[in-house]
Amino acid sequence: MTARILSIGTATPPTTIRQEHIRDFFAAQPGADRLTQRLIRATFDAAQIDRRHTVIPELGEPGASGLFVDDQGVLRAPGTALRNAEYIRHAPDLSRRAAEAALADAGVTASEITHVVTVSCTGCFAPGPDFRLVRDLGLSASTERYHLGFIGCAAAFPALRAAERFCAARPDAVVLVVCTELCSLHVRPNSTPDQIVSSSVFGDGSAAAVITADAGDRPGLDLERFATTLTDDGESDMAWTIGDDGFEMILTAEVPRIIGREIRAAVDAFLGDAQPDAWAVHPGGRSILDRVESGLELDPSALAASRDILRRYGNMSSATVMFILRELLHDPDLPTDASIAGLAFGPGLSVESALLTVRGTRPAHDPDTAAARELTVTATVGR
């Protein structure tokens with residue numbers, strides 16, 4: 001039997017960052033000369049992002065101060081321990097919210113979950129996110145737990161692949177996959193090109209999926225096959241290390257060029273002559289989507305879902321492609337048996353690929369209803 005994604009639930013923190021506001025905030029930082037200010041404005045404006053979410057309230061409210069911003073509006077550099085403490089404070093609740101939404105949409109009870117796979121590269125603690133989900137959702141104490149850490153933006157597909165393997169080994173398995181990233185916790189007062197790019201695109205969010213091979217006639221997305229490949233170069237172009245003041249991200253201008261150069265060979269090796277009906281491509285940034293589009297000679301409409309999620313949420317690392325899959329899962333224009341090709345990129349530079357098939361009739365996703373629900377949750381959490 002083929003493993004199937006029955007549902008995908010998402011959650012975001014209550015604070016919204018408007019791109020123009022955070023752009024002006026960075027441009028106004030001490031030490032930003034005219035050349036740096038021009039680079040900041042050009043980078044933020046070219047990102048094609050309207051808004052993002054963050055667990056740092058002072059980043060979303062001009063004039064506010066807190067752990068990351070002083071009362072003069074200057075960005076602080078808290079140590080890694082303080083940043084990770086914020087991760088421990090916020091990540092479990094965000095994961096729980098996304099998981100509860102996925103369970104409700106799938107009509108699956110907590111007692112039915114047999115495996116939990118958690119994903120994150122923006123914080124760490126033990127007992128970790130997998131343990132907290134078992135405890136916070138009231139799952140069985142015998143639930144198998146796994147955590148994938150530091151695979152970066154590409155990690156959702158290895159997590160789904162692991163779920164598919166669990167279902168193949170145990171046909172009655174019901175797997176909960178949760179990707180939670182708090183990228184904004186690693187913002188820093190630094191005007192290097194790498195940091196400017198990171199500050200212009202990254203946001204926070206969580207996405208959860210319920211997967212089982214015992215789906216019956218329930219609709220969803222079948223997990224057909226996966227592939228992974230390493231490019232010939234890029235090991236030093238997308239990477240990060242743990243520094244004294246947070247995780248230090250390296251994201252050079254070579255990344256889009258490497259992806260553009262390597263993507264055709266990676267996709268041809270995976271898909272062969274198959275022509276997917278839709279694409280779920282991780283939007284590491286606008287330039288990466290542009291390079292994928294041109295490298296694969298795609299119609300501009302092919303990456304509409306990826307560009308829309310980038311515009312509304314920014315790059316949430318591993319969670320982002322799950323947000324895209326959720327949009328496609330509820331796309332009324334995608335008929336049953338339609339195929340979806342997924343691509344995500346991680347440190348190395350690595351390319352993770354997935355092929356999914358739409359099954360059954362799914363309820364249409366209502367953006368207005370979803371937005372109203374998110375506003376309700378935000379107002380409740382933000383009190």
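**Strand β11, its sheet and the aromatic pairs**

Good morning. I begin with strand β11, where Ala 278 and Ala 280 point one way while Trp 279 and Val 281 point the other way, and all are buried. Please keep in mind that this is a predicted model.

Let me place that strand in its sheet. The sheet is open and has 9 strands, with mixed pairing, in the order β5-β4-β6-β7-β1-β8-β13-β12-β11. Its edge strands are β5, residues 144-149, and β11, residues 278-281, each of which pairs on one side only. On average, and with direction ignored, neighbouring strands of the sheet are turned by 25° against each other.

Which strand pairs with β11, and in what sense? The partner is β12, residues 339-346, and the two run in the parallel sense over 4 bridges. As a general reminder, strands of a sheet pair through backbone hydrogen bonds, either parallel or antiparallel. In the present case, Ala 278 has Ile 340 of β12 as its bridge partner, and Val 281 has Leu 343 of β12.

A helix also lies across these strands. Helix α11, residues 320-329, lies across β11, β12 and β13 (350-359), and likewise across β1 (4-11), β6 (174-182), β7 (204-212) and β8 (220-230). Relative to β1, helix α11 runs at about 120°.

I now turn to the aromatic residues. The count of aromatic pairs comes to 6. In one of them, the rings of Phe 26 and Phe 44 have centres 5.8 Å apart and planes at 40°; the planes are neither under 30 degrees nor over 60, so the pair is tilted. Phe 26 belongs to helix α1, residues 19-27, and Phe 44 to helix α2, residues 34-46, so this pair ties together parts that are 18 residues apart in sequence. Both Phe 26 and Phe 44 are buried. Together with Phe 25, these two residues form one aromatic cluster.

What surrounds helix α1 on its buried side? Its buried residues are Gln 19, Ile 22, Arg 23, Phe 25, Phe 26 and Ala 27. Their cover includes β2 (15-18), α2, β3 (51-54), α3 (57-60) and α7 (193-201).

Another pair consists of Phe 150 and Phe 247, whose ring centres are 5.6 Å apart and whose planes stand at 45°, so this pair is tilted. Phe 150 sits in the loop between β5 and α6 (156-169), and Phe 247 in strand β10, residues 246-251; the pair thus links distant parts of the chain, 97 residues apart. Are these two residues buried or exposed? Phe 150 has a relative accessible area of 36%, which lies between the limits of 20% and 50%, so Phe 150 is partly exposed. Phe 247, by contrast, has a relative accessible area of 7%, which is under 20%, so Phe 247 is buried.

One charged residue also belongs in this part of the talk: Arg 225 lies over the face of Phe 270, at 4.8 Å from the ring centre.

I close with Pro 363, which is found in the loop between β13 and α12 (367-381). Its relative accessible area is 56%, which is over 50%, so Pro 363 is exposed. From Pro 363 to Ala 64 the separation is 299 residues in sequence and 41 Å in space, C-alpha to C-alpha. Thank you for your attention.

Key
Residues numbered from 1 in each chain as written. Predicted model: local features only at pLDDT ≥ 70, side-chain atom pairs only at ≥ 80, totals over all residues. Heavy atoms only, no water. Pairing = 2+ DSSP bridges. Axes fitted to C-alpha atoms, helices over the stretch in contact; angles between N-to-C directions. Contact = heavy atoms within 4.5 Å. Phe/Tyr/Trp six-rings, centres within 6.5 Å; stacked < 30°, edge-to-face > 60°. Buried < 20%, exposed > 50% of the residue type's maximum accessible area, 1.4 Å probe, protein only. Lys NZ or Arg CZ within 6 Å of the ring centre and 35° of its normal.
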